[in-house]
Amino acid sequence: EAQAEEAKAKQQQEQAERERLQAEKTRLQEELSKVRAEREEQDAKHEHYKVQLEKQFGQQQEVSSMHAKLLEQRAQQAEERVRNEEKELNMLRQRVADKEEQMTAVLAAQLETFKQEHAATEKANKQKL
């Protein structure tokens, strides 16, 4: 009876750990979606700004080198932000993958322990008979 309660408690712990890891995975996926949405919004703003500047510059007969440098600088800054967000996105993906791998390893170890305990209990029960 004590073993059954212990096995039940262990199963409850395993279920709680699975739920906690699933919640963490969901949170990370939501964070990842948010980062992607922000990146898309920034890309759209950058493209709009670029198009507006190109129209403005196209209407002018002469563009000062300072304006051209500013446009290039802003484009480089936007590209740098995109690269940084891609790095962050990849880090988030890696964290999710690491959590999944960790969860799989923990559950596999717990399953193996449970199988061994179950086999030992069955063996003990057979010996009693």
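User: Which residues line the largest pocket?

Analyst: This is a predicted model. In it, the largest pocket is lined by Gln3, Ala4, Glu6, Ala7, Lys10, Phe114, Glu117, His118, Thr121, Glu122 and Asn125. Helix 1 and helix 2 are the elements that give two or more residues to that lining. The space in the pocket is about 210 Å³.

User: Which element gives the most to the lining of the largest pocket?

Analyst: Helix 2 does, with six residues.

User: What makes Glu100 and Lys25 a salt bridge?

Analyst: The distance does. Their closest N and O atoms are 2.8 Å apart. The cut-off is within 4 Å, between a side-chain nitrogen of Lys or Arg and a carboxyl oxygen of Asp or Glu. The pair therefore counts as a salt bridge.

User: Why is this pair said to tie parts together?

Analyst: Glu100 lies in helix 2 and Lys25 lies in helix 1, so the bridge links parts that are 75 residues apart in sequence.

User: How do you know whether Glu100 and Lys25 are buried, exposed or partly exposed?

Analyst: Check the relative accessible area. Buried means under 20% and exposed means over 50%. Glu100 has 31%, so Glu100 is partly exposed. Lys25 has 25%, so Lys25 is partly exposed too.

User: Why is Asp43 with Arg39 called a salt bridge?

Analyst: The closest N and O atoms of Asp43 and Arg39 are 4.0 Å apart. The criterion is within 4 Å, so the pair is called a salt bridge. Asp43 and Arg39 are four residues apart in helix 1, so about one helical turn separates them. Asp43 has 32% relative accessibility and Arg39 has 23%. Partly exposed covers the range between the buried and exposed cut-offs, so Asp43 and Arg39 are both partly exposed.

User: Why does Glu85 have no salt bridge?

Analyst: The nearest side chain of opposite charge is Arg39, 5.0 Å away. A salt bridge needs a distance within 4 Å, so Glu85 with Arg39 does not qualify. Glu85 is nevertheless buried. Glu85 sits in helix 2, residues 65-128.

User: Which residues does Glu85 touch?

Analyst: Leaving out residues up to four places away in sequence, Glu85 touches Val35, Arg39 and Gln42. Contact means heavy atoms within 4.5 Å, so Arg39 can be a contact of Glu85 without being a salt-bridge partner.

User: What makes Lys45 exposed, and what is Glu41?

Analyst: Lys45 has a relative accessible area of 54%. Exposed means over 50%, so Lys45 qualifies. Glu41 has 44%, so Glu41 is partly exposed. Glu41 and Lys45 form a salt bridge, with closest N and O atoms 3.2 Å apart. Both lie in helix 1, four residues apart, about one turn of the helix.

User: How many salt bridges does the structure hold?

Analyst: Nine.

User: Which residues form the largest nonpolar core?

Analyst: There are six: Leu28, Leu32, Val35, Leu89, Leu92 and Val96. Helix 1, residues 2-59, and helix 2 are the elements that give two or more residues to this core.

User: Why is this set called a nonpolar core?

Analyst: Such a core takes buried residues of listed types, Val and Leu among them, joined through side-chain atoms within 4.5 Å. The six residues are Leu and Val, and they count as a core, so each is buried. In soluble globular proteins, nonpolar side chains tend to be buried together.

User: What does Val96 touch?

Analyst: Val96 touches Lys25 and Leu28, not counting residues up to four places away in sequence. Leu28 is one of the core residues. Lys25 is the salt-bridge partner of Glu100.

Technical notes: Residues numbered from 1 in each chain as written. Predicted model: local features only at pLDDT ≥ 70, side-chain atom pairs only at ≥ 80, totals over all residues. Heavy atoms only, no water. Buried < 20%, exposed > 50% of the residue type's maximum accessible area, 1.4 Å probe, protein only. Lys, Arg positive; Asp, Glu negative; His and termini not counted. 1 Å grid on protein atoms, 1.4 Å probe; cavity = no way out; pocket = protein on both sides within 12 Å on 5 of 7 lines; lining within 4 Å. Points joined across faces, edges and corners; volume = space filled by probe spheres on them.
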